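Open the model in your viewer, switch to a cartoon view, and keep the selection box handy. We will go from stop to stop, picking out a few residues and helices along the way.

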Amino acid sequence: MGIHIEGIVAIVVFYMLILFVGIWAAWKNKNSGVGDGADRSEIIMVGGRDIGLFVGGFTMTATWVGGGYINGTAEYVYLPDYGLAWAQAPFGYALSLVVGGLFFAKPMRSRGYVTMLDPFQQLYGKRMGGLLFIPALMGEIFWSAAILSALGATLSVIVDININMSVVISALIAIFYTLVGGLYSVAYTDVVQLFCIFVGLWISVPFALSNPAVSDISVSAKEAVYQSPWLGKIQPDDTWLWVDNFCLLILGGIPWQVYFQRVLSASSATYAQVLSFLAAFGCLVMAIPSVLIGAIGASTDWNQTSYGYLAPKDKDQSDMILPIVLQHLCPPYISFFGLGAVSAAVMSSADSSILSASSMFARNIYQLAFRQSASDFEIVWVMRFTIFVFGALATAMALLTGSVYGLWYLSSDLVYVIIFPQLLSVLFVKGTNTYGSVAGYVFGLLLRVGGGEPYLKLPPFIYYPGWEIQEKIHHLTGDVERFVQQRFPFKSMSMVASFLANVIFSYLMKYLFESGMVSHKYDFFDAVMSKHSKEIMDKTTLVSNHDNIILSEMAPVKQALGTSLAGTFTNTEALSDDGFSPEAFHSDN
């Protein structure tokens, strides 16, 4: 199979469409907020907080619907012995958006934060904020890598080039596109992205279903035709493993900057909630064609197609089942349109994660932790530099890790076990402090890493109840890979342990210091005694009982370009939304 000129032309056309929309959005809004004294860096991060319902609904849906979502869902529906029962992402992330909208969107948006890490630095201090940046960054990198891996797989099918080369090319285009504009460009291209996915896949599905090599998918759903039924089933021994992964998707899908970036850019807290609910519905709708394509792949006699006599699962190409179905079961003009549209669409989702990671670094690490007097121009250039760095890291992960779904689960693991319990504590539990945060961080990290990770070839040093050794056979090489499968829900257990450690150690250290059992001079984090001293005003851990801390209270700050940083953690307009008062979360009863 040679290089397909028509496929390249289709990709170029759709890439140009996405790029044009991104440039148009950046040009249209380049002066947005400047007249009101808004910093350019903040406009890039949260889009001036004026994202409306229409564009916001699309961009919130695109939080999860991208290359990893559509390819990963089709992959697991197709995989023998897994099937639809194990394609948890559509329902998992839809429920995640519902839970996020019900409990997290309103307090975060009403406080006027700029990034997800702001409340952690406000309550736990800049050092703890730096520690929490690590799993947040790794989550965004894993997610970007999943997108690039999926896009690379799609391109390799279209133009028949090496998958590593296609990943690198895709990454370079994504990085360039990210530099074109900030959140405005991301939001507007998300509209085109979802439209391309929806139209491109739905046009292809009827042609694939009518291919002579495809049997009735309603029959293959329950009966073994060419492989085990694509509906799949959950074995009794796998129940807790299934529950653990499902909880990971629901709760682990909340504490992401890529999600809160949309929440914080909404025009009001109520809009942020509504957008979350709309996106949950959108996630389910956008998963339907991927499910059907996975079912088609499981119902196909591949010996009758141009793909060859071996099925994709026997070539270790299950993760590419979606582009393979489009390429080999649809007419050329349909497959090129579908593949081109999907390629361009998933490309635009990569910029969001890279922008999220660079936003957290530029604001929470560079500006708030090291250079509070940094100018707006300086912050913007720091963001541009880190876009290249984080893009390179995502590319490396895409090249080194195998399954798209594996990358997907990995990206949620760290934020689920470490960041989610911290977010729960900082928003809803009164009295937690830096000592508890450190304890929760350490407990969660050790318990999760101790369970091992087969996708990273990381052996466990904690063997939870029910563990067993399993084998994975690589069909092309015949190599047998042995790994430890933990059947105990240790990820959820690690998350709960992290949360409990945060609460228990916070109250324990508070009692020890305030009772005098431990001398005040050992309060190294100034997390307990500094709250009672108005003389200590240069610590980000200083939190008043009834006041939102602002940066001008923490340290002397020079006037920055556009506006001062006095409103770092507060936004008076946002606080007035629906009469919501953030003090309710930390005020005395």
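## First stop: a loop residue

Select Asp-81, which sits in the loop between α4 (67-78) and α5 (89-110). Keep in mind throughout that this is a predicted model. Check the backbone here: phi of Asp-81 is near 70°, a positive value in a residue other than glycine. Is Asp-81 buried or exposed? Asp-81 has a relative accessible area of 63%, so it counts as exposed, the cut-off being over 50%.

## A second aspartate

Now jump to Asp-316, in the loop between α13 and α14. Its phi is near 55°, again a positive value in a residue other than glycine. Colour by accessibility if you can: Asp-316 comes out at 33%, which makes it partly exposed.

## Along helix α13

Next, select residues 269-298 to light up helix α13, 30 residues in all. From the first C-alpha to the last, α13 reaches 44 Å, close to the 44 Å expected at 1.5 Å a residue. Where does α13 bend? Zoom in on Ile-288, where the helix bends by about 30°. While you are there, show Pro-289 too, a proline that follows within four residues.

## Two helices that pack

Hide the rest and show α9 (residues 183-209) with α14 (residues 321-329). At what angle do these two helices pack? The angle is about 60°, and the axes of α9 and α14 are 10 Å apart. That angle makes α9 oblique to α14. Turn the view so that one helix lies in front of the other, and look at the handedness: the crossing of α9 and α14 is left-handed.

## Two buried polar side chains

Bring everything back and select Thr-432, in the loop between α17 (404-428) and α18 (434-450). Thr-432 has 1% relative accessibility and so counts as buried, since the cut-off is under 20%. Which side chain does the side chain of Thr-432 contact? Show Tyr-124 as sticks: the two side chains make a polar contact at 2.9 Å.

For the last stop, pick Gln-257, which lies in helix α12 (residues 257-265). Gln-257 is buried as well, at 1% relative accessibility. Turn on the backbone atoms of Met-116 and follow the side chain of Gln-257, which reaches the backbone nitrogen of Met-116 at 2.8 Å. Try drawing a distance line between the two to finish the tour.

How values were computed
Residues are numbered from 1 along each chain as its sequence is written. This is a predicted model: local features need pLDDT of at least 70, side-chain atom pairs count only at pLDDT 80 or more; totals for chains, interfaces and linings use all residues. Side-chain values use heavy atoms; hydrogens and water are left out. The expected span of a helix is 1.5 Å times one less than its number of residues. The bend at a residue is the angle between axes fitted to the seven residues ending there and the seven starting there. Buried means under 20% relative accessible area, exposed over 50%, partly exposed in between (1.4 Å probe, protein chains only). A polar contact is a pair of N or O atoms within 3.5 Å; within protein, one must be able to donate a hydrogen and the other to accept it, and residues adjacent in sequence count only if both atoms are side-chain atoms. Axes are lines fitted to C-alpha atoms, for helices over the stretch in contact, and angles run from 0 to 180 degrees between N-to-C directions. Angles under 35 degrees count as roughly parallel, over 145 as roughly antiparallel, 65 to 115 as roughly perpendicular and the rest as oblique. A crossing is left-handed if the near helix is turned anticlockwise from the far one by less than a right angle, and right-handed if clockwise.
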